[in-house]
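This report looks at the empty space and the nonpolar cores inside one protein chain. Please keep the sequence and the 3D view at hand while reading.

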Amino acid sequence: MKKFSFLGWPILTGILAALLILQFLPNFNVQEVNKVEIRETFIPEQTHSIKRISYADAVDRASPAVVNIFTQTVVRENNNPLIADPFFRQFFNQERLPQQQERIQSSLGSGVIISRQGYVVTNNHVISGADTIIVSLQDGRESIATVIGSDPETDLAVLKINLTDLPSITLSTSDAHLRVGDVVLAIGNPFGVGQTVTMGIISAIGRNSIGLNTYENFIQTDAAINPGNSGGALIDPDGNLLGINTAIFSQSGGSHGIGFAIPASVARKVMQDLIEHGRVIRGWLGIEVQELTPILAESFDVTDRQGLIIAGIFRNGPAHQAGLQPGDILLALNGEPPSTARLTMNRIARIRPGEKARMEILRDGREMSLIATIGERPQIR
């Protein structure tokens, strides 16, 4: 009896406690005691997309203005190699010579619509020598293009297409804000697979002495650029045009992460000159300059000076008329000391013809100042 009394009171107490819990907490579930508390917050779709890293808006803004360019060139060739040789050709009856066979050679590239009026900027090497140029837009429309002008010295060309409601790209206002490490996107038609977007960063700015063009001031990028990308757009994360993709450094023909683009400021200037004047107007002094190496500096006894040696002068050119002589050392141009030969020639090219240029020179150990009237650089054909 005592044993029952000892066990009975705890059991009875437990039953009474359970009845009280069920009375005052009817929704209580014993299984919820072991659940882990997880706090969830609903995130609207718009807020979620902002947090995701994406350049889709920039691509949507710029890609409609990036076009594919297809060129066709008629190539005439002889089947008999003896006929092509001038020595053997004289022994053939000229009236019975077989006709040259023709074949169509096709190539592809990219371009950028700069103006809603239909002006397209691309590389000169994309359209050089082409008999037919076809521009294909992202929306599927096509148009035969006419060449407004080309500039082999920067490897740029301007085309014109006659279509309505054309998209156009927004050009970056200045190259001065570009920094190594900035994110960039390349849009073009690599290998003819269709419009493609690749991403990278700016690897270097102001690249020159590459040996591609006469006037070089490239933006270097590691965004994948391949054959067919030439003439396409290099844009910033806002969709603005930074440059025209032009070349790659490659030993295999594929992308090795070293691509070069012509800055948008250069493309704008070339485009305006070709449209307005049919040619690119550049300043010209008529000089050839050479770097002042330590050995040359010692021979000229100017080891403590920075400058460029005047290696050659065009007869009756602006520099010749101003009194400049071969062997003079150019110490400053318009108050600024020269850095390299190529950059100095680029500076001269940016001076408008008719303007004055002040040259500080060193001749036979004596400093002199000469004033030259800038001329227009002769066109290269």
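In this predicted model, the largest cavity holds about 40 Å³ of space. With a lower limit of 30 Å³, the count comes to one cavity. Its lining is made up of Tyr 215, Gly 283, Trp 284, Leu 285, Gly 286, Ile 287, Met 345, Ile 348, Ala 349 and Arg 377. Two elements each give two or more residues to this lining: strand S14 (283-284) and helix H10 (341-350). H10 supplies the largest share, three residues. By residue class, the lining of the largest cavity has seven nonpolar, two polar and one charged.

In soluble globular proteins, nonpolar side chains tend to be buried together. Two separate nonpolar cores can be compared by their entries below.

| Nonpolar core | Size | Residues, among them |
|---|---|---|
| Largest | 42 residues | Ile 69, Ile 114, Val 135, Leu 159, Ile 169, Ile 235 and Leu 241 |
| Second, separate | 20 residues | Leu 333, Ile 351, Ile 361 and Ala 372 |

The residues named for the largest core are those with the most contacts inside it. Helix H7 (residues 264-277) gives the largest share of this core, five residues. Domain 1 (57-89 + 101-161) and domain 2 (182-266) each contribute at least three residues to the largest core.

Which residues does Ile 235 touch, not counting residues up to four places away in sequence? The contacts of Ile 235 are Ala 58, Ala 62, Ile 169, Val 183, Val 184, Leu 185, Ile 187, Asn 240, Leu 241 and Leu 242. Among these contacts, Ile 169 and Leu 241 are also listed with the most contacts inside the largest core.

Note on methods
Residues numbered from 1 in each chain as written. Predicted model: local features only at pLDDT ≥ 70, side-chain atom pairs only at ≥ 80, totals over all residues. Heavy atoms only, no water. 1 Å grid on protein atoms, 1.4 Å probe; cavity = no way out; pocket = protein on both sides within 12 Å on 5 of 7 lines; lining within 4 Å. Points joined across faces, edges and corners; volume = space filled by probe spheres on them. Helix = DSSP H or I, 4+ residues; strand = E, 2+ residues; numbered from the N terminus. Nonpolar A, V, L, I, M, F, W, Y, C, P; charged D, E, K, R; others polar. Core = buried A, V, L, I, M, F, W, Y, C linked by side-chain atoms within 4.5 Å. Buried < 20%, exposed > 50% of the residue type's maximum accessible area, 1.4 Å probe, protein only. Domains from an automatic or database assignment. Contact = heavy atoms within 4.5 Å.
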